[in-house]
Amino acid sequence: MPRVSVFVDGENISSVHALAILDAAQGLGEVDYLRVYGDAGLVQGWEDVPGYRLIHSGRGKNAADLLLTVDAMERAFSGQCDGVVIASSDGDFRHLAERLRERGLSVLGMGQEKAGLRFKASCTRFKALRPPTSQRAAVAVADPSVAALVSEVPQTPPKPAGKVGKLNQKVVAAINDHGCPETGIDLATLNRVLLKEHRVAIGSYPEKTWRGYLQARANLFDVDPKGPNAKVRLRRVGPALAAE
């Protein structure tokens, strides 16, 4: 039976997708290696998922990506696996996927639809990760307008969103993809996700900090008092989320 190794970019993929990733990997063969990479101080939820081993990468730039790549190449070149799952929406992993396929391994890529076309094409197969049904239902109950942002069915906004409105949507997506509507996401992770995935530098906005930006939109977001683990959550909001 083919041996399958799973490598998850924990700074890019939320732990809510742990079961979907494992199910897909088990469809390829016997999963005997499950690792998640990221800064243990920032990655949320993965340390509590049974079966997955969280590998602390430190806080260096791209540290998690580099460590994941080194481990994947080492395992492939030593003949310890026949197939690999790379869970990330970071298109830079296309180089890793290409090298693994050149070595004769099957590569399943898993991530959001926004993952680069080159990364998708570099994998043997790519499977998009969707918010779990229970999560989408929870969002819908809490706020139907927010549910439209995470639904699999495209929605038509009431009117085109401006620069700030689009940023609000990116914040909502970060909370849903890397945290959850109820508990939210810590501000440090929010900053990292938006910088890495959307190239958003909050210093270019008038508020200069995420705390200032979010507090100025208290009708949309609920921010904890200052502290090392301060989080932001969604409030019940109306159509202004898409059109502010």
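Which helix does R75 lie in? I started my notebook with that one, and R75 turns out to lie in helix α2. A reminder to myself before going on: this is a predicted model.

**Entry 1: around R75**

I looked up how covered R75 is, and its relative accessible area is 9%, so R75 counts as buried. Next I listed its polar partners. The side chain of R75 makes a polar contact of 2.5 Å with the side chain of S5. A second polar contact, of 3.1 Å, joins the side chains of R75 and Q80. Leaving out residues up to four places away in sequence, I found R75 touching S5, F7, D32, Y33, Q80 and C81. I also checked C81 from that list, and C81 is buried at 5% relative accessibility.

**Entry 2: the whole protein**

I stepped back for the totals. I count 10 helices and 9 strands in the secondary structure. The protein has 244 residues, and 49% of them are buried. For contacts between residues at least 6 apart in sequence, I noted that 60% join residues at least 24 apart. The accessible surface comes to about 11700 Å², with 53% of that belonging to carbon and sulfur atoms.

**Entry 3: salt bridges**

Side chains of opposite charge can pair when their charged atoms come close. How many salt bridges are there? My lookup gave 11 salt bridges, and I went through some of them.

D71 and R35 form one, with their closest N and O atoms 3.0 Å apart. D71 sits in helix α2 (residues 63-77) and R35 in strand β2 (residues 30-38), so this pair ties together parts that are 36 residues apart in sequence. Are D71 and R35 buried or exposed? Both D71 and R35 are buried.

R94 and E98 also meet in a salt bridge, at 3.8 Å from N to O. Both belong to helix α3 (residues 94-102), and because they are 4 residues apart, about one helical turn separates them. I noted E98 as partly exposed, with a relative accessible area of 32%.

R233 pairs with D222, and here the closest N and O atoms are 3.7 Å apart. This pair links distant parts of the chain, with R233 in strand β9 (residues 231-234) and D222 in strand β8 (residues 221-223), 11 residues apart. R233 counts as buried at 18% relative accessibility, whereas D222 is partly exposed at 28%. The cut-off for buried is under 20%, so R233 at 18% falls on the buried side.

I then asked which residues are linked with K120 in a network of salt bridges. The answer is E113 and R130, which join K120 in that network.

**Entry 4: cysteines**

A disulfide is a covalent bond between the sulfur atoms of two cysteines. I searched for disulfides and the structure holds 0. While there I looked up C123, which is buried at 3% relative accessibility; C81 from my first entry is buried too, at 5%.

**Entry 5: a backbone angle**

Most residues other than glycine have a negative phi. K208 caught my eye, then, since its phi is near 75°, a positive value in a residue other than glycine. Where does K208 lie? I found K208 in the loop between α8 (187-198) and α9 (210-215). Its relative accessibility is 51%, so K208 counts as exposed.

Key
Residues numbered from 1 in each chain as written. Predicted model: local features only at pLDDT ≥ 70, side-chain atom pairs only at ≥ 80, totals over all residues. Heavy atoms only, no water. Helix = DSSP H or I, 4+ residues; strand = E, 2+ residues; numbered from the N terminus. Buried < 20%, exposed > 50% of the residue type's maximum accessible area, 1.4 Å probe, protein only. Contact = heavy atoms within 4.5 Å. Areas by Shrake-Rupley, 256 points an atom, 1.4 Å probe, with all protein chains shown as cover. Salt bridge = Lys/Arg side-chain N within 4 Å of Asp/Glu carboxyl O. Disulfide = S-S within 2.5 Å. Polar contact = N/O pair within 3.5 Å; in protein donor to acceptor, adjacent residues only side chain to side chain.
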